[in-house]
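Me: Please take a close look at a single part of this model. Pick one strand and follow its surroundings outwards.

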Amino acid sequence: MSITYNGINSDTYGLTVKPETISIVPERVRTTQEIIGFNGIIDYDIDRFAEKQMAFTLQFPYVGNDDYVEKTESISKWLIADGKNKKLVLSQYPDRYYMAKSVGEITATLENGVVYIPCTFICNPPFPYSVTGSLLDPTWLSHNGGWDTCTWGSTVYQKDLTNGNNYISFSVETDMTVSPVIYLIGNINYGVTVACGSKSIRINTSIPYDGVIIDCENETVKRMSDNSSIISSCLITGGFFDFSSGNYTITLSSLLSGYNATILVDFRSVLT
């Protein structure tokens with residue numbers, strides 16, 4: 001097999017590529033919360049996947065010291081790139097690519113006339129893109145510039161928000177209008193407002209170290225720990241959120257300082 005990384009194929013360096021470790025399904029990361037005074041934990045059933053890891057051994061025949069030094073330096077520069085994610089294509093699947101970064105120490109070992117160079121790639125997101133630029137798994141949502149503002153996985157966008165770091169950006173591709181469930185988890189003080197475009201929902205009550213579930217499809221707002229409705233304590237302007245295809249930014253603000261929260265925008269419920 002061969003690999004193409006950052007636009008350069010391994011054949012360019014005369015390499016034979018042997019796969020060592022390929023993550024078939026990345027680790028599933030659970031989203032949980034401890035609530036003071038409650039036994040156990042709350043499992044929000046909003047799982048995401050960790051990074052995907054691929055390890056290869058690159059090898060080429062030793063034909064002399066000059067070639068050895070020149071080729072290992074060239075390969076090192078190829079793998080290091082500029083330290084940012086680059087397209088990684090496996091020859092078996094030319095119709096897809098990963099956004100990957102080479103990590104770990106790069107070493108070269110000479111044994112029995114063959115030079116061996118192990119390399120490891122971390123793929124983030126863990127799912128591949130098709131050559132058209134859309135994520136293959138899942139296919140319903142795709143990235144159009146939002147990866148630097150949130151963590152994405154399993155059709156859920158997630159970001160930790162505090163004063164001064166108060167927005168989450170994402171993109172939607174759909175042929176219909178969809179209404180997600182939005183979770184706010186953390187220290188929700190009086191007057192916390194979730195806004196997108198001309199629509200906003202202000203929570204006029206303090207909910208310390210707990211969570212709020214904003215179900216835009218069913219138009220409900222509930223406290224997470226006991227599932228009680230707090231919609232009577234909310235000021236809703238423009239209605240609940242719904243999205244068609246496009247790029248969106250949700251902001252979080254507050255009448256008071258000191259809030260901190262994790263926001264999750266969950267589209268899974270509208271897919272089933």
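Reply: Start at V212: its bridge partner in β21 is R223. The model is predicted, so local features need pLDDT of at least 70 and side-chain atom pairs count only at pLDDT 80 or more, while totals for chains, interfaces and linings use all residues. Residues are numbered from 1 along each chain as its sequence is written, and side-chain values use heavy atoms, with hydrogens and water left out.

The bridge belongs to a strand pair. β20 and strand β21 (residues 220–223) run antiparallel and are joined by four bridges. Strands pair if DSSP finds at least two bridges between them. Strands (E, at least two residues) and helices (H or I, at least four) are DSSP runs, numbered from the N terminus. Four residues lie between the strands of this hairpin, and E219 takes a positive phi near 55 degrees.

β20 also pairs with β17. Seven bridges join these two strands, again antiparallel. One pairing to look up is I185, whose bridge partner in β20 is G211.

Now the contacts of V212 (heavy atoms within 4.5 Å). Neighbours within four places in sequence are left aside. V212 then touches I182, Y183, L184 and I188, and also I203 and I207. V221, K222, M224 and I230 complete the list.

V212 is also a hub of the largest nonpolar core, which has 31 residues. Such a core joins buried Ala, Val, Leu, Ile, Met, Phe, Trp, Tyr and Cys residues through side-chain atoms within 4.5 Å. Buried means under 20% relative accessible area, exposed over 50%, and partly exposed in between (1.4 Å probe, protein chains only). L184, V212, I214, F243 and I250 have the most contacts inside the core. Seen by element, β20 (207–215) and β17 (181–188) each give two or more residues. So do β16 (167–172), β18 (192–196), β19 (199–203), β23 (246–253) and β24 (260–266).

A second core is separate from this one. It has 21 residues, including F56, W78, Y98 and V115. F56 also joins Y5 and F121 in one aromatic cluster. S102 touches two of that cluster's members, Y5 and F121, as well as L79 and T120, not counting residues up to four places away in sequence. S102 lies in strand β10 (residues 96–103). S102 counts as buried because its relative accessibility is 17%.

W78 leads to the ring pairs. The whole structure holds five aromatic pairs. One of them is Y13 with W78, tilted, at 5.3 Å centre to centre and 40 degrees between the planes. (Phe, Tyr and Trp rings, the last by its six-membered ring, pair with centres within 6.5 Å; planes under 30 degrees apart are stacked, over 60 edge-to-face, the rest tilted.) This pair links distant parts of the chain, 65 residues apart. Y13 sits in the loop between β2 (8–9) and β3 (16–22), and W78 in helix α1 (residues 65–80). Both rings belong to buried residues.

Finally, the wider frame. The protein comes to one helix and 24 strands. Of its 272 residues, 43% count as buried. Among contacts between residues at least 6 apart in sequence, 65% join residues at least 24 apart.
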